[in-house]
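Me: Please take a close look at the ligand site in this model and at the parts of the chain around it. I would like one connected account rather than a list.

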Amino acid sequence: MTMLEFKYQISNQCVILIKKGDITSESTDAIVNAANSRLIGGGGVDGAIRSKAGRTIELECEKIRKTIGECKTGNAVITSGGNLSAKFVIHAVGPVWKGGNQNEPELLRKAYRHSLEIAIKKQINSISFPSISTGIYGYPVELASEEAINEVVCFLQQFNKPKLVKFVLFDDKTFANYQSSLSKRCAVATLK
Ligand code: ADP
């Protein structure tokens, strides 16, 4: 099976790469989890990450819960990656889609922004994102991809790091939407 990957040069130091795949296999320094506020195991990408990582994530999330309580929508926290190839997992809480008038776009952008802020604080050079909120949380992917791409592109242009941001997308429709959103922002795409 051929795996399509598109690479977009955002600045002289930063690239965004989009691909179809399973984020739990990524070996970037960090992968991002589409988590819930209680930081308790869920379905979707969260379930896949936790089952591959082992118990570490559960234990570290429990500690975080005891310290900060819940992780509010739009925020993110970091744990180690347990048995994953990625050293860290950043747990970002996207909004549940409630029709679009409940500040969902800003909350979604915040989830990406906070993840990237944590990454640069931890000197993480490469990070992989799933399509936050577009699964169980019901955010329409054609809208979510625009917010995600715009936020990440703006962040990279402003801070010039992390060096590599990957979007690892689970299905064709999601991949097509992210590709389309990126193509609007960046003229040149290299097929890998
Ligand atoms: P949310 O609750 O934020 O909507 P989900 O996990 O339900 O999060 O879905 C977010 C996206 O992650 C969806 O596009 C879903 O298809 C995708 N997804 C599910 N499992 C994986 C995986 N192993 N790797 C990458 N993406 C995944």
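Reply: Asp-46 is found in helix 1, and in this predicted model the side chain of Asp-46 makes a polar contact of 2.9 Å with the side chain of Arg-50. The relative accessible area of Asp-46 is 2%, so this residue counts as buried, the cut-off being under 20%.

Helix 1 also leads to the ligand. This helix, residues 44-53, gives the largest share of the shell around the ligand, namely three residues. The shell has 15 residues, of which Asp-22, Val-45, Ser-133, Gly-135 and Ile-136 come nearest. Sorted by class, the residues of the shell are eight nonpolar, six polar and one charged.

The polar atoms of the ligand can be followed one by one. On the nitrogen side, a polar side-chain atom of Asp-22 lies 2.8 Å from a nitrogen atom of the ligand. On the oxygen side, the partners are backbone atoms: a polar backbone atom of Ser-133 is 2.9 Å from an oxygen atom of the ligand, and a polar backbone atom of Gly-135 is 2.8 Å from an oxygen atom of the ligand. Of the 560 Å² of accessible area that the ligand has on its own, the protein covers 91%. The space that the ligand takes is the largest pocket.

Ser-133 deserves a further look. This residue lies in the loop between strand 6 (126-129) and helix 4. Its phi is positive, about 75 degrees, although Ser-133 is not a glycine. Ser-133 has a relative accessible area of 5% and is therefore buried. The residue thus joins a backbone approach to the ligand with a positive phi.

A positive phi is also found at Leu-39, where the value is near 55 degrees, again in a residue other than glycine. Leu-39 belongs to the loop between strand 3 (30-35) and helix 1. With a relative accessible area of 2%, Leu-39 is buried.

The loop that holds Ser-133 runs to helix 4, and helix 4 covers residues 141-159. Glu-147 has its place in this helix. Because its relative accessible area is 18%, Glu-147 is buried, the limit being under 20%. The C-alpha atom of Glu-147 is separated by 6.0 Å from that of Arg-109, although the two residues are 38 residues apart along the chain.

Beyond helix 4 comes the loop between that helix and strand 7 (164-169), and Pro-162 is found there. The peptide bond from Lys-161 to Pro-162 is cis, with omega near -5 degrees.

One further position concerns a strand. Ala-76 has its place in strand 4, residues 76-80. The relative accessible area of Ala-76 is 15%, so Ala-76 is buried. Between the C-alpha atoms of Ala-76 and Trp-97, which are 21 residues apart along the chain, the separation is 18 Å.

To return to the ligand: Asp-22 approaches a nitrogen atom of the ligand through its side chain, while Ser-133 approaches an oxygen atom through its backbone, as does Gly-135. Helix 1 supplies three residues of the surrounding shell, and this helix also holds Asp-46, with its side-chain contact to Arg-50.

Definitions and conventions
Residues are numbered from 1 along each chain as its sequence is written. This is a predicted model: local features need pLDDT of at least 70, side-chain atom pairs count only at pLDDT 80 or more; totals for chains, interfaces and linings use all residues. Side-chain values use heavy atoms; hydrogens and water are left out. A residue is near a molecule or strand if one of its heavy atoms lies within 4 Å of it. A polar contact is a pair of N or O atoms within 3.5 Å; within protein, one must be able to donate a hydrogen and the other to accept it, and residues adjacent in sequence count only if both atoms are side-chain atoms. Accessible areas come from the Shrake-Rupley method with a 1.4 Å probe; for residues, only the protein chains shown count as cover. On a 1 Å grid over the protein atoms alone, a cavity is a set of points where a 1.4 Å probe fits but cannot get out, and a pocket is an open set with protein on both sides within 12 Å along at least five of seven lines; lining residues have an atom within 4 Å of a point. A molecule sits in a cavity or pocket if more than half of its atoms lie within 2 Å of its grid points. Helices (H or I, at least four residues) and strands (E, at least two) are DSSP runs, numbered from the N terminus. Ala, Val, Leu, Ile, Met, Phe, Trp, Tyr, Cys and Pro count as nonpolar, Asp, Glu, Lys and Arg as charged, and the others, Gly among them, as polar. Buried means under 20% relative accessible area, exposed over 50%, partly exposed in between (1.4 Å probe, protein chains only).
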